[in-house]
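Biologist: I'd like a close look at just one part of this model, with the side chains that do the packing spelled out. Pick a spot, start there, and then work outwards as far as you like.

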Amino acid sequence: MASNSKVKSINQIHFTKEHDMIRKSVADFVKKEINPNIDEWEEAGITPLKELFKKMGDLGFLGIRYDPKYGGQGLDYWYETVFLEELGRIRGLGLAIAISVQTNMATPAIDEFGSEYLKDKYLRGAISGDLVGAIAVTEPAAGSDVSALQSTARRDGSCYVLNGSKMFITNGTQADFYTLLARTSDEPGYHAFSLFVVPADLPGVHVSRKLEKIGVWCSDTAELFFDDVRIPAENLIGQEGEGFIYQMRQFQHERFSLLPPIYTAAREIIDMTVDYLRERVVFGKPLIKRQALQHQLVDWITEVECLKQLSYEIVRIKMAGLDASKEISMGKLYAGRIFNSMVAGCLRMHGGMGFMKEMPISRYYRDSIGLGIGGGADEVMKDVIAKLEGF
């Protein structure tokens, strides 16, 4: 009882009753609308995002921070953090990522730099859940090195003509629009790229194939091709040539959005493992009584709490209007590292049952593999931190 009271008092440092109302609404939605279907969506290799996002939009979940003028709730980063934390209770990380694409990857640049037209049509549509968004940056030959991308968008009268391809695009097979980065100049440097909103139904936009992955099965991932796609010039986000800068800022929203679901899911996995160890009797004792296992669990709990507190520090930095790029990069690096190790260890603690596809821990294990790759590989995060440290 004392432990529960302590947790409650600690939470009250950052969260109010209003935050708790949002938390309960999201938690109830995950419990009733998502988790009962997650096994089916995992087996299908796709989640019906149009139907799911419309339900979420109707409840106000897809525009926590965005301007009420476009259907958002106009709340702050702490409310967004509550929302993201509860996404970590989804029993499949792929869907938490798919939702974050809508809220923290495909829309921030439209919100921050887009014209009134783009906000009214695409931001509003994404917030309401009437439109599914995707972020289209990565290419077959340009992943972490964004400056190496080869897709081109050349101005031709009232349009830009887009040619090229994009790879590993989350929500790609179902998206109604792509927030897409393309080269608009042959000049060297970072001012040769522009960011566009590309409607998926434009002639020349092709979903080449749905990619089959080791994990995050319920999240569809696509390879896209663009063949002389005529993008209306009004779909340019901000100024021509500034897209690379806009995308770098958007990456910070993206990478932060991964942290709260990870530390929430991590604690859920630890609790699940403890429950299993309490029930599993070996040599006359429940496995949870083994000191070696207790110590390993405590190490993981400590690491997860460190990630959580770093994430809260990032929120405080963002709330102060300061740049959190270094701290976000550290969080992304640390999250992938501890989550991979912890999930693998929890799977081993499940013994032979952990190796069974039907067990939730095996799904988390599959899903964990990509965390050190997607959204910026671990090595890229180290390069970013080294640069910001002045090395």
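**Helix α5 up close**

Modeller: Let's start with who touches whom: from α5, Tyr77, Glu80, Thr81, Leu84, Glu85 and Leu87 meet a set in α9 made up of His253, Phe256, Ser257, Pro260, Pro261, Tyr263 and Thr264. Sorted by character, the residues of that contact come out as seven nonpolar, four polar and two charged. Keep in mind that this is a predicted model.

Now the geometry. Two packed helices are described by the angle between their axes and the distance between the axes. For α5 (residues 77-87) against α9 (residues 243-279), the angle is about 55° and the axes are 7 Å apart. That angle is why α5 counts as oblique to α9. The crossing of this pair is right-handed.

What sits on the other partner, α6? Here Glu80, Phe83, Leu84 and Leu87 of α5 meet Ala96, Ile99, Ser100, Thr103 and Asn104 of α6. This contact divides into five nonpolar residues, three polar and one charged. The axes of α5 and α6 (residues 93-105) come within 10 Å and cross at roughly 160°, which means α5 runs roughly antiparallel to α6. Handedness again: α5 passes α6 in a right-handed crossing.

If you lay the two contact lists side by side, Glu80, Leu84 and Leu87 of α5 turn up in both. The spacing has a simple background: an α-helix has 3.6 residues a turn, so residues three or four places apart point the same way.

Glu80 deserves a stop of its own. Is this charged residue of α5 buried or exposed? Its relative accessibility is 5%, and since buried means under 20%, Glu80 counts as buried. Leaving aside residues up to four places away in sequence, Glu80 touches Ile64, Arg65, Asn104 and Phe256. Of these, Asn104 belongs to the α6 contact, and Phe256 to the α9 contact.

Follow α6 and α9 a bit further and you get to α12: the cover over its buried residues includes α3 (38-44), α6, α9 and α11 (325-349). Helix α12 (residues 360-368) is mostly covered, with seven of its nine residues buried. Those are Ile361, Ser362, Arg363, Tyr364, Arg366, Asp367 and Ser368.

While we're on helices, have a look at α10 too. With 29 residues (291-319) at 1.5 Å a residue, α10 should span 42 Å, and the 42 Å between its end C-alpha atoms agrees. Its buried residues are Leu297, Trp300, Val304, Leu307, Ser311, Tyr312, Ile314, Val315, Ile317 and Lys318. Just after α10 comes Gly321, with a positive phi of about 75°.

That brings up backbone oddities. Most residues other than glycine have a negative phi, and most peptide bonds are trans. Asn171 has a positive phi of about 70° despite not being a glycine. You'll find Asn171 in the loop between β3 (159-170) and β4 (177-183), and with 0% relative accessibility Asn171 is buried. Val216 is another non-glycine with a positive phi, of about 40°. Val216 sits in the loop between β6 (205-210) and β7 (221-232), and a relative accessible area of 16% makes Val216 buried as well.

How values were computed: Residues are numbered from 1 along each chain as its sequence is written. This is a predicted model: local features need pLDDT of at least 70, side-chain atom pairs count only at pLDDT 80 or more; totals for chains, interfaces and linings use all residues. Side-chain values use heavy atoms; hydrogens and water are left out. Axes are lines fitted to C-alpha atoms, for helices over the stretch in contact, and angles run from 0 to 180 degrees between N-to-C directions. Helices (H or I, at least four residues) and strands (E, at least two) are DSSP runs, numbered from the N terminus. Angles under 35 degrees count as roughly parallel, over 145 as roughly antiparallel, 65 to 115 as roughly perpendicular and the rest as oblique. A crossing is left-handed if the near helix is turned anticlockwise from the far one by less than a right angle, and right-handed if clockwise. Contact means heavy atoms within 4.5 Å. Ala, Val, Leu, Ile, Met, Phe, Trp, Tyr, Cys and Pro count as nonpolar, Asp, Glu, Lys and Arg as charged, and the others, Gly among them, as polar. Buried means under 20% relative accessible area, exposed over 50%, partly exposed in between (1.4 Å probe, protein chains only). The expected span of a helix is 1.5 Å times one less than its number of residues.
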